[in-house]
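Thank you all for coming. I would like to spend a few minutes on the open and enclosed spaces of one protein model, and on one residue along the way, so please have a look at the screen before I begin.

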Amino acid sequence: MTIMYTKKHTETKLTKHFSRREAFSREELFAYLRKLDPELKETTFTWRIFDLKRRQLIKEVGKGVYSLEQKRRFKPEADEVMREICSILDNVGNHQGYNIWSTAWLNEFIELQATSFLYILEVDKASVERVFFSLKDSRFFSNLFINPDGKIIEHYISELPQSIIVAPMISRAPIMEVNGMAFPTLEKILVDLFCDSKLYFAYQGQQLVKIFEASLSKYEINYSRLFNYAKRRHREDTLKAFLHEHQDLCKEVPSIIA
């Protein structure tokens, strides 16, 4: 007997069937819905995916990969320093976009709370020096550094309670707008922490594992975005190896795209 598709029926059956899965593929979803409705066509299935997403029964965590799990979106807040930086940045002409964040945001992911912070301001490569000197001329900020190397990080930045780093932004870096300000997405922050071990020296080793573990379990993560950005930084394979090395993290990552 053919079981007709209804929203209520699908919600109940779908949740039960995939409840123990971190993620499932488009093909797996299609195969299951075909069991509920053997006459289901591909064109109708595409609409049903849209409908399930619209009703927040599933979410896309990668290209053709879905999950039932509903987690919060990462939406941090700016502090006074970031707002002042952006105010000055608004007056710097000809820059082609930016993003800004503070390592203070990481305190929610770690047990040992940091007391010194970095503010990371990334702008397009051609505007780095102009933006840096505009901030410097404002006299509002101290401890400003422009794309610091390992020695400056080790001998100066590591000893300061607060530093502002101005650095070039990688093209097509994943950013988001929050209250009119451009922040990096959580995926970008995680990849940058993984790639820039010298700059983020205080968040390596077991701290890095804890940050990944808490981020992946607490917030929505777009794994396509995560790995695509890691690929742009030439670290996709090593990031995947890191996730596989730590089995607790691997449980949060859909195996189909890990």
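Let me start with a term: by a polar contact I mean a pair of N or O atoms within 3.5 Å, where, within protein, one atom must be able to donate a hydrogen and the other to accept it. Please keep in mind throughout that what you see is a predicted model.

With that in hand, take T103, whose side chain reaches the backbone nitrogen of L118 at 2.8 Å. T103 itself sits in the loop between strand 4 (98-102) and strand 5 (117-123). Is T103 buried or exposed? Its relative accessible area is 0%, and because buried means under 20% on this scale, T103 counts as buried. If we set aside the neighbours within four places in sequence, the residues in contact with T103 are S116, F117, L118, Y200 and Y203.

Let me turn now to the pockets. The largest pocket holds about 570 Å³ of space, and, of the 20 residues that line it, R73, E187, E220, N222 and R225 are the closest to its centre. Which elements each supply at least two residues of that lining? They are strand 2 (59-62), strand 8 (175-178) and helix 7 (186-195), and strand 2 gives the most, with three residues. In character, the lining of the largest pocket divides into eight nonpolar, four polar and eight charged residues.

The second largest pocket has about 260 Å³ of space, and 19 residues line it, with N147, A167, D196, L199 and R233 the closest to its centre. Two or more residues of this lining come from each of strand 5, helix 6 (150-155), strand 7 (162-168) and helix 7, while the largest share, three residues, is that of strand 7. Here the division is into 10 nonpolar, two polar and seven charged residues.

Finally, there is the enclosed space. The count comes to one cavity of 30 Å³ or more, and the largest cavity contains about 70 Å³ of space. Among the residues lining the largest cavity are E22, K59, V61, S67, E69 and K71, and also Y219, E220, I221, Y223, E252 and P254. By type, the lining of the largest cavity divides into five nonpolar, one polar and six charged residues. You will recall E220 from the largest pocket, where E220 is one of the residues closest to the centre, and E220 also belongs to the lining of the largest cavity.

Technical notes: Residues numbered from 1 in each chain as written. Predicted model: local features only at pLDDT ≥ 70, side-chain atom pairs only at ≥ 80, totals over all residues. Heavy atoms only, no water. Helix = DSSP H or I, 4+ residues; strand = E, 2+ residues; numbered from the N terminus. Buried < 20%, exposed > 50% of the residue type's maximum accessible area, 1.4 Å probe, protein only. Contact = heavy atoms within 4.5 Å. 1 Å grid on protein atoms, 1.4 Å probe; cavity = no way out; pocket = protein on both sides within 12 Å on 5 of 7 lines; lining within 4 Å. Points joined across faces, edges and corners; volume = space filled by probe spheres on them. Nonpolar A, V, L, I, M, F, W, Y, C, P; charged D, E, K, R; others polar.
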